[in-house]
Amino acid sequence: MPVDRLFVGRAEELARLGSLLDDARKGRPRLVLVEGPAGIGKTALVERFLAGAGPGAVLRAGGAKEEGLLAFGVLERLGPSVPRDLRSDQYLTAGAAFLETLGSAGDTTIVVVDDAHWADTPSLLALAFAFRRLRVERVLGVVLARDAFDPRLPQTLRRLFTGPGGHRLPLGGLAADELRRLSGGFGDAPLSPRAAARLREHTGGNPLHACDLFEQVPLTVLGNLEAPLPAPRSYALLVLARLAGCGEQTRRLVGAASVLGQASPLHRAARLANVGDPLHTLEEAVTAKLLQEQPTAREGPALEFPHPLVRAAVYRNLGPVQRAVLHERAAELAVDELEILRHRAHAAVGSDPRLAADLAACARRHVAAGHWTSGGALLAQAVRLAAGDGERARLTVEAVEALLFDGRVDAATALAGELPPATDPAARHFAAGHLAAVTGQVSVAAGLLQEAWELCDPESSRWLAARIAEQLAKLAARQTEGARAAGWAARALDLAGPGRGSDLLRFIQVTGLAMAGRWDEARALTRGLPDPAVAAVAELDALLGRGLLRVWSDDLAGALRDLAGVAVAGRDRSVSFRLLASALLGQAEYRLGRWDDALLHADTATSLAEDTGQIALVPMSALVSVQVMAARGEWEHASERLDAARRSVERTGSRSGFVHAASAEAHLAAARGDHERVLGALEPLLDLPSRDGTYEPGAIAWRGLLVEALTAGEEYARADDVLTGYETDGAARGRHSAQAAAARARGGLLAARRRPAEAEACFQSGLAHASLVDDPFARARLHLAYGAFLRRVGRRGAAVRRLREAETVFARLDARPYLERCVQELAACGHDRTAGDRGPLHQLTPREQAVARLAATGLTNRQIARELVLSVKTVEYHLGHVYAKLNVGSRTALASMLAGDGDGLPGAPFPRISG
């Protein structure tokens, strides 16, 4: 029946969709979730909207319940740009490719994803990745699902619609007068108002149920208020009636197609159905609106069901015996291992130990290669088919672990709730403890995992003992207890044996030893490691540890090589590995003065942590973002990142998170000159029970900020006490950066106590240490402090030289609050600001600066888009603003301007980590 005849009401919803489309046409991309129960009219609403949407492209696909393991099935139907043969865990690469498709579209594009709750997870994750990065593209994304909080929707997609700026369009039942108008399309006269009101109460206004009744029951019967209303017929009856009117071969073809999935190559469906003339058979099915032809498939003509409900009706009508037979035959015809296993699993009845073992073996191979998405799905299938509670419990625990490594907290939570009653208590406590650890319930996780360890026998259950020890190592590291973390990591590695170990055990062992001051042991574990580009997969976590050791020991160039290489090579590792690699890379880039790169990687890590529910790791990356934004005077954005870090600490109780969040707050307060707030943020750190990670002088530089705040408040004795420990630790471990920061603080303290000769000696010592570390911002802050001191003792000429040194660096970094202090000090010296010109980039936003710097290296817009994980259209938008603000008309002119200004073009683009 035509859409216009069936569609009634929804005026407000259509108007809202129209408003969002208008925004998209103006270069303000919009995303909306149309939600409501099955049959409520989501698809009909969108069909009506699309019919009146006007010019533009429409990309459309829908999810299917039985295609959970068909990675990127939905995304491939949306656009041809998705690379072939991607693994299910490469959703970032797929998302970047789809983003490129959207950004290169010449007209407004409407992306429609129907039945998203049935779509394959990799497609949804890739779509979320692309949707999150839309900036100026003329794109309207319309996602249809039953419920925004359906656990089958990944958190990263859900947050796009439920978070700030998200758009949700919930659909309720039709009103009585709307049902009355709807009934007019099915008879000579519509229902009476009273009959329509009764039908509204009976059906809840569900259009599908109402239309089922209108199709099957005469309106005269429905209008008889004395007669009871029949139960609504299911949508399947309509489908099966059309199927029954087809020939036998068509019925076989449609049934076989329902077994293969929502879409399949025609030749495979025909072979499965044993149909000799597939084209004529397909034509009859298309005429009956049971199938649609898709002519551009890799394997020739393809067929697709017009709606998942059609497929579901046909599939369920096959009967259990026929379904099993077809699935068994489909498994014989398939060549892909995952597809073979999927069909075998659907054909299985009850437990099947052999199939469960095959699924588990395949899953373990996927997990060992870091393919957590497919590994978790296969293990979940194996759980259903396992024989005996013991094997089922073990497989469930393995599945929970794989899902958590993949960042799928919702799915892991649901599966953990299905552990058999007879599950080994140690395994049960481990699964619950791992889940609590990932979701940030640190104290709960610690109790559960410790109890699991006490209940586990390492001799008979080495696999479980290794996993428990691994999680205890991570918890100890999160609590900055370096020695304990290293001990548990070593135990886990020993229990796991060669060839098994998580992504981060060696990283935890190396950094734990370093936190505990056992640097010789830590370095020994990283000695002889190759460059990341040629490293084996098993060496990457140790290389990540070496990168962090180099950050702490001031070898920033070496750290950048290690961490950038690991970020690229580790794209297939777990979520937590990728998150840490990105966050640590941001730390190195921040200290090297590569602030735009640092922001990009820190924000990528924060986004990944929030999208996957691993909020305990948010403060680490938020610290880098706050440091850059605070130094640039971007107070609002810095406060947003700080709030995210605080929320994480409140929810998790992580000591490491607390230290990072406190340090972030102190950096923001210091940039604003708010010494009281610095004290409030940092003084609690003095009372922490563990000194390991908190007091490592090369890790989080907070004691220098605290001393300067105490000095400003004239608490000289307390400042001296904190500073003495800082100086001792820095000297003992040879941290030049820490000794430079301590010297700056000591110089300020001595100057406040009116001991100028000693103060100047400290500033000079600090400059000597700073010259050995490539940390331009820290060195510029030391010049600023020294220059301010010299002005106050009357040595204006010497002060100006120091202040000019600081001013040049602050201008290049666009560190506006610090630059303003330089200007004030220079003015007090009687000098106008001339030498410290801020350069052309100060006019640009951080994103425009990143685009300008890459454009100046000669990269094309498409290459820049891939580097920054943006669309080409967004790059064009930013580059247009760059040219207008800088009054240049070409890349050559832009490169000449930046080179002449000495803004420091990057020697090479920062590494892509999105794939």
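A salt bridge is here a side-chain nitrogen of Lys or Arg within 4 Å of a carboxyl oxygen of Asp or Glu. The model is a predicted one, and by this rule the count comes to 48 salt bridges.

**Exercise 1.** Decide whether the side chains of glutamate 470 and lysine 474 meet in a salt bridge, and state how the two residues are placed in their helix.

*Solution.* The N to O distance for glutamate 470 and lysine 474 is 3.7 Å, and the pair therefore satisfies the criterion of within 4 Å. Both residues belong to helix H25 (residues 462-478), where, because they are 4 residues apart, about one helical turn separates them. With buried meaning under 20% relative accessible area, glutamate 470 is buried at 2%, and lysine 474 is likewise buried at 15%.

**Exercise 2.** Classify the partners of the salt bridge between arginine 755 and glutamate 758 as buried, partly exposed or exposed.

*Solution.* The side chains of arginine 755 and glutamate 758 meet at 2.9 Å, N to O. Arginine 755 has 35% relative accessibility and counts as partly exposed, as does glutamate 758 with 38%. Elsewhere, salt bridges that share partners join Arg546, Arg550, Asp555 and Asp562 into one network.

**Exercise 3.** Describe the volume and the lining of the second largest pocket.

*Solution.* The space in the second largest pocket amounts to about 880 Å³. Its lining consists of 31 residues, of which His675, Glu708, Ala785, Ala788 and Arg792 are the closest to the centre. Among the elements that give two or more residues to this lining are helix H36 (675-682) and helix H41 (776-792). Sorted by class, the lining has 19 nonpolar, 5 polar and 7 charged residues.

Key:
Residues are numbered from 1 along each chain as its sequence is written. This is a predicted model: local features need pLDDT of at least 70, side-chain atom pairs count only at pLDDT 80 or more; totals for chains, interfaces and linings use all residues. Side-chain values use heavy atoms; hydrogens and water are left out. On a 1 Å grid over the protein atoms alone, a cavity is a set of points where a 1.4 Å probe fits but cannot get out, and a pocket is an open set with protein on both sides within 12 Å along at least five of seven lines; lining residues have an atom within 4 Å of a point. Grid points are joined across faces, edges and corners, and a volume is the space filled by probe spheres set on the points. Ala, Val, Leu, Ile, Met, Phe, Trp, Tyr, Cys and Pro count as nonpolar, Asp, Glu, Lys and Arg as charged, and the others, Gly among them, as polar. Buried means under 20% relative accessible area, exposed over 50%, partly exposed in between (1.4 Å probe, protein chains only).
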